[in-house]
Amino acid sequence: MIRFSDISGNPVMDTSTATTVGRVEAPIIDPVARKVVGFRIRKSAGPGSVLLWGALAGLGPDALTVNSVERLAAPPDELKSRSGKKLDVLKRRVLTEHGHPLGKVKDIEFDPADGRVTSLMLKDSFVDGGRLLGIGQYAVVVTG
């Protein structure tokens, strides 16, 4: 497992030119699939600022790699709203489906093999990623 904080700000490297083509800014999470489906990239040298999970060549502790700068692209229509800052999961309050507050998301932990969200890390506790129901502008909603 890897925490987003372990890769936040890390370079995105184009393996064909061995150059930095951007920096990791935020995870893009599909709450239905409960997976990281991509990353928003700042200072992108590509045609867009989203790196989809399927476009990754590698994800390591020092860098994310792509085989072409063209992999940094505009988000597909189904991810346009989800890839913006308004639906970032970090620092967002967490509520149960019954409206009880649990805290704010400090970090997320996910499987680097497939992007599955394993935990939402709160200040003093964590919520299992399998409890994730939705991510909105007001809160992240989980079961329980």
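**View 1. The loop that holds Arg-34.** Arg-34 lies in the loop between β3 and β4, here drawn from a predicted model. Its backbone has a positive phi of about 55°, although Arg-34 is not a glycine. For most residues other than glycine, phi is negative. The side of the loop that Arg-34 occupies is neither fully covered nor fully open in terms of this residue, because Arg-34, with a relative accessible area of 27%, counts as partly exposed.

**View 2. The β3-β4 hairpin around that loop.** The two strands that flank Arg-34 form a hairpin with 4 residues between them, and β3 and β4 run antiparallel, joined by 7 bridges. One of the pairs in this ladder sets Asp-30 against Lys-35, its bridge partner in β4. In a regular strand, side chains alternate between the two faces of the sheet.

**View 3. The β2-β3 hairpin.** Strand β2, residues 11-14, is joined to strand β3, residues 19-30, by 4 bridges, and these two strands run antiparallel. Met-13 stands opposite Thr-20 in β3. The hairpin that β2 and β3 form has 4 residues between the strands, and Ala-18, which belongs to the turn, has a positive phi of about 55°.

**View 4. The other partner of β2.** Besides its pairing with β3, which is antiparallel, β2 is joined by 3 bridges to strand β7, residues 64-66, and here the strands run parallel. The residue to look for in this view is Asp-14, whose bridge partner in β7 is Val-66.

**View 5. The pairing of β4 with β5.** Strand β4, which is also bridged to β3, pairs with strand β5, residues 50-52, in the antiparallel sense over 3 bridges. Gly-38 stands opposite Leu-52 in β5.

**View 6. The largest nonpolar core.** Which residues of the largest nonpolar core touch the most other members? Of its 31 residues, these are Val-12, Phe-39, Leu-51, Ile-108, Phe-110 and Val-140. Among the elements that each supply at least two residues of this core are β3, β4 (35-42), β7 and β11 (107-110), together with β12 (117-121), β14 (132-135) and β15 (140-142). In soluble globular proteins, nonpolar side chains tend to be buried together.

**View 7. The surroundings of Val-140.** Leaving aside residues up to four places away in sequence, Val-140 touches Val-89, Arg-92, Arg-93, Val-94, Leu-95, Val-105, Leu-120, Leu-132, Gly-134 and Ile-135. Ile-135 is also tied to Val-140 through the backbone ladder, since Val-140 in β15 is the bridge partner of Ile-135. The strands concerned, β14 and β15, pair in the antiparallel sense over 3 bridges.

**View 8. The open sheet with mixed pairing.** The order of the 4 strands in this open sheet is β10-β9-β15-β14, and their pairing is mixed. Its edge strands, each of which pairs on one side only, are β10 (101-104) and β14. From one strand to the next, the twist averages 25°.

**View 9. The open sheet with antiparallel pairing.** Another open sheet of 4 strands has the order β1-β11-β12-β13, with antiparallel pairing. The strands β1 (2-3) and β13 (126-128) form its edges, each pairing on one side only. Between β11 and β12, which run antiparallel, there are 4 bridges, and Phe-110 stands opposite Val-117 in β12.

**View 10. The loop that holds Lys-91.** Is Lys-91 buried or exposed? With 71% relative accessibility, Lys-91 counts as exposed, because the cut-off for that class is over 50%. The residue is placed in the loop between β8 (72-73) and β9 (93-96), and its phi is positive, at about 70°, although Lys-91 is not a glycine.

**View 11. The whole chain, for orientation.** The secondary structure comes to 0 helices and 15 strands, and the C-alpha trace spans about 50 × 30 × 20 Å along its principal axes. The radius of gyration, 15 Å, agrees with the value near 15 Å that a compact globule of 144 residues would have. Buried residues make up 44% of the 144 residues, and of the contacts with a separation of 6 or more, 49% come from residues 24 or more positions apart. The accessible surface comes to about 7300 Å², of which 50% belongs to carbon and sulfur atoms.

Technical notes
Residues numbered from 1 in each chain as written. Predicted model: local features only at pLDDT ≥ 70, side-chain atom pairs only at ≥ 80, totals over all residues. Heavy atoms only, no water. Pairing = 2+ DSSP bridges. Core = buried A, V, L, I, M, F, W, Y, C linked by side-chain atoms within 4.5 Å. Buried < 20%, exposed > 50% of the residue type's maximum accessible area, 1.4 Å probe, protein only. Contact = heavy atoms within 4.5 Å. Axes fitted to C-alpha atoms, helices over the stretch in contact; angles between N-to-C directions. Rg over C-alpha atoms; globule rule 2.2 N^0.38 Å. Areas by Shrake-Rupley, 256 points an atom, 1.4 Å probe, with all protein chains shown as cover.
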